[in-house]
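Reader: Hello! Could you walk me through how the chains here meet one another?

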4 protein chains.
Amino acid sequence: MKMTMKMDQAALSAFMRRDFPQVADDFIIESVTPEELTVRLVVSEKHLRPGGTVSGPTMFGLADVALYLAIQARIGPVALAVTTNCSIDFLRKPAAGRDLVAVARLLKLGRVLAVGDVMLYSIGEPAPVARSGLTYSIPPVQG
Amino acid sequence: MKMTMKMDQAALSAFMRRDFPQVADDFIIESVTPEELTVRLVVSEKHLRPGGTVSGPTMFGLADVALYLAIQARIGPVALAVTTNCSIDFLRKPAAGRDLVAVARLLKLGRVLAVGDVMLYSIGEPAPVARSGLTYSIPPVQG
Amino acid sequence: MKMTMKMDQAALSAFMRRDFPQVADDFIIESVTPEELTVRLVVSEKHLRPGGTVSGPTMFGLADVALYLAIQARIGPVALAVTTNCSIDFLRKPAAGRDLVAVARLLKLGRVLAVGDVMLYSIGEPAPVARSGLTYSIPPVQG
Amino acid sequence: MKMTMKMDQAALSAFMRRDFPQVADDFIIESVTPEELTVRLVVSEKHLRPGGTVSGPTMFGLADVALYLAIQARIGPVALAVTTNCSIDFLRKPAAGRDLVAVARLLKLGRVLAVGDVMLYSIGEPAPVARSGLTYSIPPVQG
């Protein structure tokens, strides 16, 4: 199975800054291959829950962004994937005062659906804080 | 099965304001029974994604809060439930400029786990925008 | 939203007997409307796990069949839906020696995806033994 | 994190034959470490759906068995884990006439909950046919 990418790390970062300027500064794309993408969340006050650890919605959002970018790397910026399902397991409390990193694997890229999984880690910790599986619908490209 | 509540609507609202002051103004608890709780998200700028509809992380957060409150209504404010799993299906784009309402049903309240489902609606629309199932771990009460 | 069915209870039962003769005797379609379908699993030895209660794979299969039939009722026997995702929560041990009943609700029927949820009960018990959410891909009808 | 196993491959196989004699011949435990277990399903007629490929309930059951064994390897045969949640994505039709192999990773083994993920493959194919995340409740050991 030969797989090609339509956007590399630089193109994806530019795509983020153009299409999602509100959140582009929160995310740093660390690496991307046709099968796997790693993105770092620069944790700040707005991402925290009472108690000072990263909130559930923030972790959900990070997993969602990570696989979204992995899909866009493959299909290019023309059609935009839409999340249809996410199942997420929260495994451990994130370490306080640390960024989170998401490792997204694209397991299937079909004509209308893309599916993958994402592991989330506190930077520097081997045990994941969350795992999730996500499905995206890929709309037909408008002519 | 006789079920009792340890916090009613007023007690839950006070609990929110005390323990989650950052977000308490976003949520209005509309009704609560031992089996079902309805909470409204007062949608504002911070909840929107590019394009102006409510974001995925916001919908996840609303479902999470809704079932969390349904559990706390039953167990009281002593032990705090922790989300361990969420599966969410995004069904339709929320209507722009409308609040969201979540209807949470508590399906099981065990000694260590609570499970329920949550339907999300744009106010005034009959078709749900998302559905989800969530599991919470209930820590032992500290003596 | 006006919804019509392409197969009623009798047509669905005939469809089951013709296309799934190996399992058709296990399932009794009890009722069907455009939004909801109820199907009963006639529990026998092959459905049990060690200990004598209905097995997890059997419960998964019942949920899957229930929503599949709810979709086919709406789209007719031409295109066959394919399960792409299932999230299931096991809530309680089924009652020994009782049939199971599944209540499937179709929450979205789109052009390429259908989504719904299913509650499973031991006949005669009010508390569900499992709940699940399922997604199906609907292949394009072959010309 | 030092992790030890209470049952190795031989002990797990004996445990299967003793506690699950009905299905023990279907499964071959191929390898086990504290973090990962690989088990093969010897596919036979009863596992197939109309059309001749492995059925959804069979894939669900294989994922469930795989992580169950991974947990029992760690906790021993005293307490028996109970599945509480499974989310499964069906990615591709399994290859006809081939066994399936499941690779289970244990991501968290807590006091009351264990969580992991499982990838399913048709033997000899690099692309997975399904992926799933599962949660088990670990009952307290009876004194």
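Author: Gladly! Two residues are in contact if their C-beta atoms, placed from the backbone, lie within 7 Å. Keep in mind that this is a predicted model.

Reader: Which element of chain A gives the largest share of the side that touches chain B?

Author: The contact takes 18 residues from chain A and 17 residues from chain B. On the chain A side, helix 2 (56-75) and strand 3 (82-90) each supply at least two residues. The largest share, eight residues, belongs to strand 3 of chain A.

Reader: How many bridges join strand 3 of chain A to strand 3 of chain B?

Author: These two strands run antiparallel. Within the pairing, Ile88(A) stands opposite Cys86(B). The number of bridges joining the strands is five.

Reader: What kind of axis relates chain A and chain B?

Author: Chain A superposes on chain B with an RMSD of 0.0 Å after a rotation of 180° and a shift of 0.0 Å along the axis. The two copies are thus related as by a two-fold rotation axis.

Reader: Which residue of chain A has the C-alpha nearest the axis?

Author: Look for a C-alpha in chain A that lies 2.0 Å from the axis. That atom belongs to Ser87(A).

Reader: And where chain B touches chain C, which strand of chain B supplies the largest share?

Author: Here 14 residues of chain B are in contact with 14 residues of chain C. Strand 3 (82-90), strand 4 (100-109), strand 5 (113-122) and strand 6 (130-137) of chain B each supply at least two residues of that side. The largest share, three residues, comes from strand 6 of chain B.

Note on methods: Residues are numbered from 1 along each chain as its sequence is written. Chains are lettered from A and ligands numbered from 1 in the order in which they are written. This is a predicted model: local features need pLDDT of at least 70, side-chain atom pairs count only at pLDDT 80 or more; totals for chains, interfaces and linings use all residues. Helices (H or I, at least four residues) and strands (E, at least two) are DSSP runs, numbered from the N terminus. Copies are superposed by least squares on the C-alpha atoms of residues with pLDDT of at least 70 in both. Two strands pair if DSSP finds at least two bridges between them.
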